[in-house]
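Here are a few exercises to work through with the model open beside you. Try each one before you read the solution.

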Amino acid sequence: MNPLHTETQVVVDDIAVPDGFAALVRPTHRGSTILFKTAADFLGRGAAFYTGYTYGLAGTPTHYALAGKLAALEGARHCALAPSGLAAIHLVNQTVLDRHSHVLVPDTAYGPTRRNALELLQRFGVETTFYPPDAGAGIASLIRPHTRLVWTESPCSLTMDMQDVPAIVAAAHERGVQVAIDNTWATPLYFDALGHGVDFSVQALTKYPAGHSNVLMGSVCVNDTAAFQRLKTTSDLMGSNVSPDDCAAVMLGLGTMAIRLERHCASALKIAAWLERQPQVRCVMHPALPSHPGHAIWKRDFRGASGLFSLVLEGGLPQACHFLDALSLFQLGASWGGLHSLAAIYRADPLGGGVAAGPHDHLVRLHVGLESPDDLIDDLARALSALPAGACA
Ligand SMILES: *Cc1c(COP(=O)(O)O)cnc(C)c1O
């Protein structure tokens, strides 16, 4: 062969590197094109779609490594990745539902889950019924002949309603209906969704698994291989993909998730119990507090609690805004699950298009981060004492 021209030399990558490299962190595999050795391999590449390499969209070793690790944590056979937690929720909807189907969604579900049903699923002819989160076995009376899916979320966003997931699963399965859960709050470490019979376990990896407020990603774990194949095919048809660099970031986060969760749990519980004793606080919604209406379910089904809970202050919305503005260690922002403590405020939305604050005209949600809980209590105490006189009923 003639010597290569420089135009070719710059394109070709045939440099051999020394063998024997080993490190604790996996290399990140980036790639859109996947190479095949023979024409026959190329023509037959479809056979590798679910378990091998066909095209970047269908996965690289980095995607398989993260999906495999998440499946192991969930006690699941399979895991599909999605570009955000909401995209993972929609992936389940898009996979299971069609224009003849009916889906049940808890009334106090994560706001964007409600909007996904109201504004997007509806456009494709899917019918949604929002049901009371405490329905339990009573979900049976809401199941219709064309019901295909029941969503659960426990605790539900903002109002922190606990759901009797095993009772809902039993009632749904008896009628041939599948059950999905948004398990973002507890993570598989604190609630074993598949072990409780749920068919689709969704997590916003954006929160505790990534853990550093720097990545958006979601996952869906299942045991049924046919269901996994439908999820992966649907994701491929939507052209959905996550970046291998983001997968690597989630992998790093997962390594410390168990110890982070322990600290989030202990600090949040200490702070929630303290808040409950303050006269300016009307109520604290945290499932691990004995005062929570869903405490018995939490104790029966969960192995721990995370750092997210809600409270309602005495007085109205202006007082609550004063309180948030007076905080300094707690920064204001949505999303959660990272190192930093966060506060957010939500108004009641009786029409239910967005977020639902339940029966309250405002609700404050706290995410307790990894700072010293004593410093966080000082911050909260200062903000409570700065409330305008007469704000407390
Ligand atoms: C944040 C969140 C999601 C969505 O995750 P994104 O990655 O932000 O889309 C879903 N469910 C719950 C309960 C959440 O808190």
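**Exercise 1.** In which loop is Pro155 found? Then look at the peptide bond before this proline and at another residue of that loop.

Solution. Keep in mind that you're looking at a predicted model.
- Step one: Pro155 sits in the loop between β4 (147-153) and α6 (165-174).
- Step two: check omega between Ser154 and Pro155. The value is about -5°, and the peptide bond joining them is cis.
- Step three: move on to Met160, which lies in the loop between β4 and α6 as well. Its phi is positive, about 60°, although Met160 is not a glycine.
- Step four: decide on burial. The cut-off for buried is under 20% relative accessible area, so Met160, at 1% relative accessibility, counts as buried.

**Exercise 2.** Find the helix that holds Thr187, then check phi and burial of this residue.

Solution.
- Step one: Thr187 belongs to helix α7, residues 187-190.
- Step two: read off phi. For Thr187 it is near 60°, a positive value in a residue other than glycine.
- Step three: apply the burial cut-off. Thr187 has 0% relative accessibility and so counts as buried.

**Exercise 3.** Which residues surround the ligand most closely, and what polar contacts can you pick out?

Solution.
- Step one: collect the shell. It has 14 residues, and the closest are Gly85, Leu86, Asp182, Thr206 and Lys207.
- Step two: sort the shell by class. You should get six nonpolar, five polar and three charged residues.
- Step three: ask which element contributes most. That's helix α4 (residues 85-96), which supplies three residues.
- Step four: go after the polar contacts. A polar backbone atom of Gly85 is 2.7 Å from a ligand oxygen. On the side of Asp182, an N or O atom of the side chain is 2.6 Å from a nitrogen atom of the ligand. Thr206 uses a polar side-chain atom, 2.5 Å from an oxygen atom of the ligand.
- Step five: see how much of the ligand is covered. On its own it has 380 Å² of accessible area, and the protein covers 91% of that.

**Exercise 4.** How does the span of helix α8 compare with the expected one, and why do its buried residues share a side?

Solution.
- Step one: α8 runs over residues 225-237, 13 residues in total. From first C-alpha to last it reaches 18 Å, close to the 18 Å expected at 1.5 Å a residue.
- Step two: list the buried residues of α8, namely Ala227, Phe228, Leu231, Lys232, Thr234 and Ser235.
- Step three: look down the axis. These residues cover an arc of only 160° around it, so they end up on the same side of α8.

**Exercise 5.** Buried or exposed: how would you class His295 and Gly46?

Solution.
- Step one: place His295 in helix α11, residues 295-301. Its relative accessible area is 14%, so His295 is buried.
- Step two: look for a partner. The His295 side chain reaches the backbone oxygen of Pro287 at 2.9 Å.
- Step three: turn to Gly46, in the loop between α2 (39-43) and α3 (61-74). Exposed means over 50%, so Gly46, with a relative accessible area of 54%, is exposed.
- Step four: finish with a distance. Gly46 and Ser32 are 14 residues apart along the chain, and 16 Å separates their C-alpha atoms.

Terms used
Residues numbered from 1 in each chain as written. Predicted model: local features only at pLDDT ≥ 70, side-chain atom pairs only at ≥ 80, totals over all residues. Heavy atoms only, no water. Near = heavy atom within 4 Å. Polar contact = N/O pair within 3.5 Å; in protein donor to acceptor, adjacent residues only side chain to side chain. Areas by Shrake-Rupley, 256 points an atom, 1.4 Å probe, with all protein chains shown as cover. Helix = DSSP H or I, 4+ residues; strand = E, 2+ residues; numbered from the N terminus. Nonpolar A, V, L, I, M, F, W, Y, C, P; charged D, E, K, R; others polar. Expected span 1.5 Å × (residues − 1). Buried < 20%, exposed > 50% of the residue type's maximum accessible area, 1.4 Å probe, protein only. Arc of directions from axis to C-beta.
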